[in-house]
Amino acid sequence: MRSKINLMNNIRLRFAPSPTGALHIGGLRTALYNYLLAKKHNGTFILRIEDTDQLRYVPGAEEYIIESLKWSGLIPDEGPGFGGAYGPYRQSERKELYQKYTQQLLDKGEAYLAFDTPEELDAERLKDPTFKYDARVRQRLKNSLALPAEEVQRRVSAGEPYVVRLKVRPNEQAVVQDQIRGEVTFDTNELDDKVLMKAGGLPTYHLANIVDDHLMEITHVIRGEEWLSSTAHHVLLYRAFGWEDSMPQFAHLPLILKPAPESFLHKENTPVLAQRLAQEFHKKHSDVPSAHFEKTEKFALQVLQDKANIAVSLKEKDKDEPEKAQLKAFLKDSLFGKLSKRDGDRLGFPVFPLSWQGEREDDSFVGFREYGFLPEATINFLALLGWSPGTDQEIFSLEELIQAFSIEKIGKSGARFDIDKARWFNQQYILKADTADLMDKVRPIIEANGHQPGDAFLHSFIDLMRERAVTLLEFWENGYYFFEPPRSYDEKNARKRWDAGRSGLFRQFVEGLSILPDFSASPIKAFVEGFLQDNELKFGEVFPLLRIGLAGTMQGPAVFEMMELLGKQETVGRLKKAFQLFDEWVAQG
RNA sequence: GGCCCGUUCGUCUAGGGGUUAGGACGCAGGAUUUUCAUUCCUGUAACACGGGUUCGAUUCCCGUACGGGCUACCA
């Protein structure tokens, strides 16, 4: 047994994702908390790939997971490609180990063989929806506990497929000491005989995770709350192996939930969302006649429009027809509960750290990185989603998070995902980032749009735009006109402010600009101010027109700085062109 | 349905037997500014409900409601 003093020494934590697709943002948070606790105590952070489900295995997912961790700065100390003395770190490469330990359990009488086919079990569940493979029913089923030994032998030698199940004893208690929730007790009468070894010879998560955590000397298991229920079985497994004394400490994290419907439902997007949900519903339930689409959409819209009562209107009623009940259930799943990959493109925000290209288009997603989020900001945002330092500090570097982190400060209740908060964090990081750093990250975006800015230009551009960009992408979106002519002009405001009578005066103004010997902000300023004074013009009569002429919009950095960066030739050219356009507009009336 | 977990402003949360229940995001207003943004100031808004325990409960206990998770030869 570990002594108390020793408890936080040499701690070993693992992040154990399954390579079934892109790593969800909730998974990244789990990785982060594992990493933080490990690093806080100079422990070891391990990556283990749980690829025991060959059916759900997705090529590229492991690489994706590793790239995501690297992007986030959570570098494993051990793991596939990272070395370590406890490998291999891919469960598919540890098959013999699981077989060996399964045999151990079999020998001890803690597990048994079961020959029931999936079809037979489905039939049982059809008969009785509450069917559970447990002590009460196993005597009447096809397993090594119920069948005569000779028959078991015969079936095995005949190569008949079987699974190995944990023999759960009735009338016992499985107690989980959870670091976040305290003591959670389960009655083994409620627990089924979980499959440990699948017919294909691969272990289930339950077995693999216990064997590996034991062999890898994992001291703390931090994982999502969806695992809390099955932890009862895990405790039983440790008991069956006789490893209870070295069982890791468990901490089950509250889940990340979908954003509150009130927060994303606006007049403009409600019909769009209703339509989208209707489409998804019909796609999922092909048995529903497509002629009902309009009806579906109408109901969805009706539900969404009454923002405050969505949950109430989706409540099942006995008199609901099956199709209505189905629709309600679908909408409820789509609008409430844990954050899912669908929510991202449905609502227009990232749910994955990095973009993911699935086989089909509807299995492809844009990541935080590609949306223009900085990894530091993403991590900071995630850290505070479910954990709090107990102080008013909001901005944390990874190093600061390590110092401040503790399991006791993790919250108990689910946290709703809030993209506005994520954006705010990103803005904070952009505001204080090194210009050189931003240059490296913004340059590819500019280049992707067909421009090759020089260092000095890019440097000034970033200084001018950083207060006006919340994401990296917005440097381009809000400041593209530094690289190419405005695509459109704020016509309404131009017309309002353009006085045809002053057309000549403005031409004179451009003329003056074009002969300035030093085209930097302060001489430009001096010139413009002088011009205004000489011609008795007010700021408000000139500046907005300059802005629109230069950038197309009334928003943007200081005009003189803008002119300096654009350069004389570009400035003069754009203004000439714009003023001519304004003249035409006004002439047209 | 069964089992398990949870519930403080719209959201993320601090707090905790006696507090003007604190901060942040958002939203609204104001100041600064050639616009926008940044920055600063102000405002908005919360202890789910019902019973206990107690001199006193938002805080502790029990119910109810609501939310969430699990209920596979998936993880």
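Trainee: Which residues have the most contacts inside the largest nonpolar core?

Mentor: In this predicted model, they are F461, F475, F482 and L513, and the core holds 113 residues.

Trainee: Which helix gives the largest share of this core?

Mentor: Helix 1 does, with nine residues.

Trainee: Where does the core lie with respect to the domains?

Mentor: Residues of domain 1 (94–253) and of domain 3 (485–588) both belong to the core, so it lies between these two domains. As background, nonpolar side chains in soluble globular proteins tend to be buried together.

Trainee: What does L513 touch?

Mentor: Setting aside residues up to four places away in sequence, L513 touches F519, I524, F527, M563, K568, T571, V572 and L575.

Trainee: How many residues are in the second, separate core?

Mentor: There are 37, and V176, F186, I210 and L236 are included.

Trainee: What domains does the assignment give for chain A?

Mentor: It gives domain 1 (94–253), domain 2 (261–336) and domain 3 (485–588).

Trainee: How many Å separate the centres of domain 1 and domain 3?

Mentor: The centres, taken over C-alpha atoms, are separated by 76 Å.

Trainee: Turning to the RNA, which residues come nearest to strand B?

Mentor: K198, E467, R468, F543 and G556 come nearest, out of 65 residues around RNA strand B. On the RNA side, sugar and phosphate make up 72% of the strand's atoms that come within 4 Å of the protein.

Trainee: How do the residues of that surface divide into nonpolar, polar and charged?

Mentor: The surface near RNA strand B has 26 nonpolar, 15 polar and 24 charged residues.

Trainee: And which helix supplies the largest share of it?

Mentor: Helix 16 supplies five residues, the largest share. Helix 16 spans 419–432, and the other elements that each supply at least two residues include helix 4 (118–127), strand 6 (182–187), helix 7 (228–241) and helix 23 (539–551).

Trainee: What does the side chain of K421 lie close to, at 2.9 Å?

Mentor: A polar side-chain atom of K421 is 2.9 Å from a base nitrogen of RNA strand B. For S229, a polar side-chain atom lies 3.2 Å from a base nitrogen of the strand. With K315 the partner is a phosphate oxygen of RNA strand B, 3.3 Å from a polar side-chain atom.

Trainee: A change of topic: is E484 buried or exposed?

Mentor: E484 is buried, because its relative accessible area is 19% and the limit for buried is under 20%.

Trainee: Where is E484, and what is it in contact with?

Mentor: E484 sits in the loop between helix 19 (473–479) and helix 20 (491–497). Apart from neighbours within four places in sequence, E484 contacts N449, H451, W476 and R574.

Trainee: What is the phi of N42?

Mentor: The phi of N42 is near 55°, which is positive, and N42 is not a glycine. For context, most residues other than glycine have a negative phi.

Trainee: Where is N42 found?

Mentor: N42 is in the loop between helix 1 (25–40) and strand 2 (44–47). N42 counts as exposed because its relative accessibility is 71%.

Trainee: And what about the phi of E217?

Mentor: E217 has a positive phi too, of about 55°, and is not a glycine. E217 belongs to the loop between helix 6 (205–215) and strand 8 (220–224), and its relative accessibility of 46% is why E217 counts as partly exposed.

Conventions:
Residues numbered from 1 in each chain as written. Chains lettered and ligands numbered in written order. Predicted model: local features only at pLDDT ≥ 70, side-chain atom pairs only at ≥ 80, totals over all residues. Heavy atoms only, no water. Domains from an automatic or database assignment. Helix = DSSP H or I, 4+ residues; strand = E, 2+ residues; numbered from the N terminus. Buried < 20%, exposed > 50% of the residue type's maximum accessible area, 1.4 Å probe, protein only. Core = buried A, V, L, I, M, F, W, Y, C linked by side-chain atoms within 4.5 Å. Contact = heavy atoms within 4.5 Å. Near = heavy atom within 4 Å. Polar contact = N/O pair within 3.5 Å; in protein donor to acceptor, adjacent residues only side chain to side chain. Nonpolar A, V, L, I, M, F, W, Y, C, P; charged D, E, K, R; others polar.
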